[in-house]
Number of protein chains: 2
Amino acid sequence: MKDTVIKNVLLNGTPSDILISEGRFAKIAAPAQINSENAANVMDGTGKAIIPALYNTHTHAAMTLMRGFADDMALEKWLTEYVWPFEDKLTDSDIRQGSEIAVKEMINSGSVFFNDMYFGIDQTIDIVAKSGMRAAIGVTVMENHSLAVENEKLDFIKNWSDPTGGRIQLVMAPHAVYTVGPAKLRRTAEFARNHGMRLHIHVAETAVEVQNCLKEHGMTPVRYLDSLGFLGPDVIAAHCVYVDREEWDILAGRGVTVSHCPCSNMKISSGRFPYELALSSGCRITLGTDGASSNNNLDLREEMKFAALLAKCVSAKNDGSLENGGNPELLPAVEVFRWASRNGALAFGIDGGEIAEGRVADALLIDLNNVRMRPCHNLISNFVYSADSDCIAATICDGRICGE
Amino acid sequence: MKDTVIKNVLLNGTPSDILISEGRFAKIAAPAQINSENAANVMDGTGKAIIPALYNTHTHAAMTLMRGFADDMALEKWLTEYVWPFEDKLTDSDIRQGSEIAVKEMINSGSVFFNDMYFGIDQTIDIVAKSGMRAAIGVTVMENHSLAVENEKLDFIKNWSDPTGGRIQLVMAPHAVYTVGPAKLRRTAEFARNHGMRLHIHVAETAVEVQNCLKEHGMTPVRYLDSLGFLGPDVIAAHCVYVDREEWDILAGRGVTVSHCPCSNMKISSGRFPYELALSSGCRITLGTDGASSNNNLDLREEMKFAALLAKCVSAKNDGSLENGGNPELLPAVEVFRWASRNGALAFGIDGGEIAEGRVADALLIDLNNVRMRPCHNLISNFVYSADSDCIAATICDGRICGE
């Protein structure tokens, strides 16, 4: 792979030249200090800033097909009358089209990676490979999958090799504690660990899920998963809206990564994420968009603003009850940006999310002349609270501009 | 003014030709049914939909200058250590620059109107006049303004005439019940009514404001303003976060328009707007962005998504206390869109916010090929929940494309 040089770009407020080699930031220097004569690609960074790119840690990419298809209704009706009947009719070609829209939308809004859980994964993998993005593609596990389906998945995993040489990983994705029984959850975790795969699961998304888990297993979802030996540093737990203080300590202790999805939790009325407990537990928090049918976009930048503002709007007391008005210092811009960038990368073993020599060359070039970035008292604040996709001049993944 | 014809644009799902004459929608017909030979301007609407434009009913435009200047801190510190010292140093040229950024940003994100409250209003008026937008420009009233300042404002109002022949109106803007005393509030309301001007005021933005009003005047802000004869159909009350059921009946009964500003209320931890009470009162609700220093952008489209999602995320019980999880049917996309469009227009006597023959020609052309608008099961849902500024192909105000 040939070198790329970005010339005269603002990095942490300082004009810099940046050499990208073999998909990594090889050298960061003052302007005109890097020889670009032999570079295959020279980019002019004038009027632009470089910041880490975003990592979307929970989505169902192809569900863009259901964007705006069923809004403003209760979860049960949404699932049974709209989502499931729609999904029953999906073809491979539909999945491909849905993934194409999703990938384009994520690149436009600054994501270089997504953690997916859906069907027709060979289609999604193909789209990701062509796009230049990274992805973790979930092999979905449901209790009601037949033996034939299970064997098909096993064959797929056995025969699969990453067509991109490092940008795509397969993960095991048991859907949730209410759709996969205890034996299968255990087996799936063992299988994943034997094959060096991560685990991706919905956890404690709604109060109803917690109540049903208590009824069925005598434990809340996090305690229940821990009792099965499921939790570990290879687990990405999506949502975690209804998790108490002791459970946050369990998650943090096991090294679990949580994917917080504020728009989805708000839109389908799941509830407010317990920011206070999550932050004080020291657990690794990341951000996800969830699928477009409950968001209804895949814009992780927007997700940062929703998270930061929801954290501040109301506050949770120690007993979990809510009070109107909150703490404006909770979840500042720089912290929610770390959730969406560095934390997301680390959760998937990607040494990105920071612009520094040696890190993988995932980055965004931000147009400082865009009206929403002006004035620029604070770049990250502007990106989190003010920007939109139009402020992103380029999304760089693995040293190359995505989508080109 | 010469005619404009928009050809082959989707209106409520139907391909249509639209004739705009004298700043109004003069004729809406099937494609090729309108003769465009004599039109001064013909626009191709192919691949685009036409929807009402947005009306931002509470902002401080020039505060874009303080975008990202002071985030994630308590209101008191924000005001006394950052905002006020910054404002003390502002020149006319600064205000002009701040208003320019604001106007460009609002046009890009689909607003054709804003209701402003700030200083240096001659600068803002000039920028608005050149932009093609509409605005209501507040003459700010504070208790501590000297007689000289008061006389200057009176002179300004007396000598002012709208340079745009109808797009700009002056309104009286007493800042709030805690910065303007009762006598001046009464006098200002009388003055406004004698001069056919509307009134713009901050009301019940924070719990502290309500407590202090109770202490000082023995009444909550809405009751207090009503006791002064201040409330009427010419009043735009911004925020109204802490308003109880009886007060909502007072606001509705007096015909007051409320400007809800979800991002600002969330970001500076004012609290969650009482959607349940506001909706059941029948009061006219509109949307505002507030200033960029507490938002931090002026994107009313984004504001719609925040309002709809905050309404659904948690719910308020009858006693005003909050419960986690809410009602997903509360404030559907089409309703919050009406808040931001038709309701906002009506509040300022603008017969816009609907695409219909006879209405003023304020509208947005939406790019249906933008990836965030695809697929298009529901146009308004896509615009509220998924779009960003990039989906807006043109912002049309008074029959002309803004910013050109």
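**Close-ups of a predicted two-chain model**

**View 1. Cys391(A), a buried cysteine.** With a relative accessible area of 0%, Cys391(A) is buried. This is a predicted model. The closest cysteine sulfur belongs to Cys376(A), and at 10 Å from the sulfur of Cys391(A) that's too far for a bond.

**View 2. Cys240(A) and the cysteine next in line.** Here's another cysteine tucked away: Cys240(A) has 0% relative accessibility and so counts as buried. Cys240(A) takes part in no disulfide, and its nearest cysteine sulfur, in Cys283(A), lies 7.3 Å off. The cut-off for a disulfide is two cysteine sulfur atoms within 2.5 Å. Across all chains, the structure has zero disulfides.

**View 3. Asp388(A) and its contacts.** Asp388(A) sits in a chain A loop, between helix H13 (379-386) and strand S17 (392-397). Its relative accessible area is just 3%, so Asp388(A) is buried. Skipping neighbours within four places in sequence, Asp388(A) touches Arg301(A) and Arg372(A) in chain A, plus Asp388(B) and Ser389(B) in chain B. With Ser389(B), there's a side-chain to side-chain polar contact of 2.9 Å.

**View 4. Leu322(B) and the rotation axis.** Chain B lands on chain A after a rotation of 180° with 0.0 Å of shift along the axis, at an RMSD of 0.0 Å. That's what a two-fold axis does. Which residue of chain B comes closest to the rotation axis? It's Leu322(B), with its C-alpha at 2.9 Å.

**View 5. Where the copies meet.** Of the interface residues of chain B, 100% are interface residues in chain A too, so the two copies meet through the same surface.

Notes:
Residues numbered from 1 in each chain as written. Chains lettered and ligands numbered in written order. Predicted model: local features only at pLDDT ≥ 70, side-chain atom pairs only at ≥ 80, totals over all residues. Heavy atoms only, no water. Least-squares fit on C-alpha atoms with pLDDT ≥ 70 in both. Contact = heavy atoms within 4.5 Å. Buried < 20%, exposed > 50% of the residue type's maximum accessible area, 1.4 Å probe, protein only. Helix = DSSP H or I, 4+ residues; strand = E, 2+ residues; numbered from the N terminus. Polar contact = N/O pair within 3.5 Å; in protein donor to acceptor, adjacent residues only side chain to side chain.
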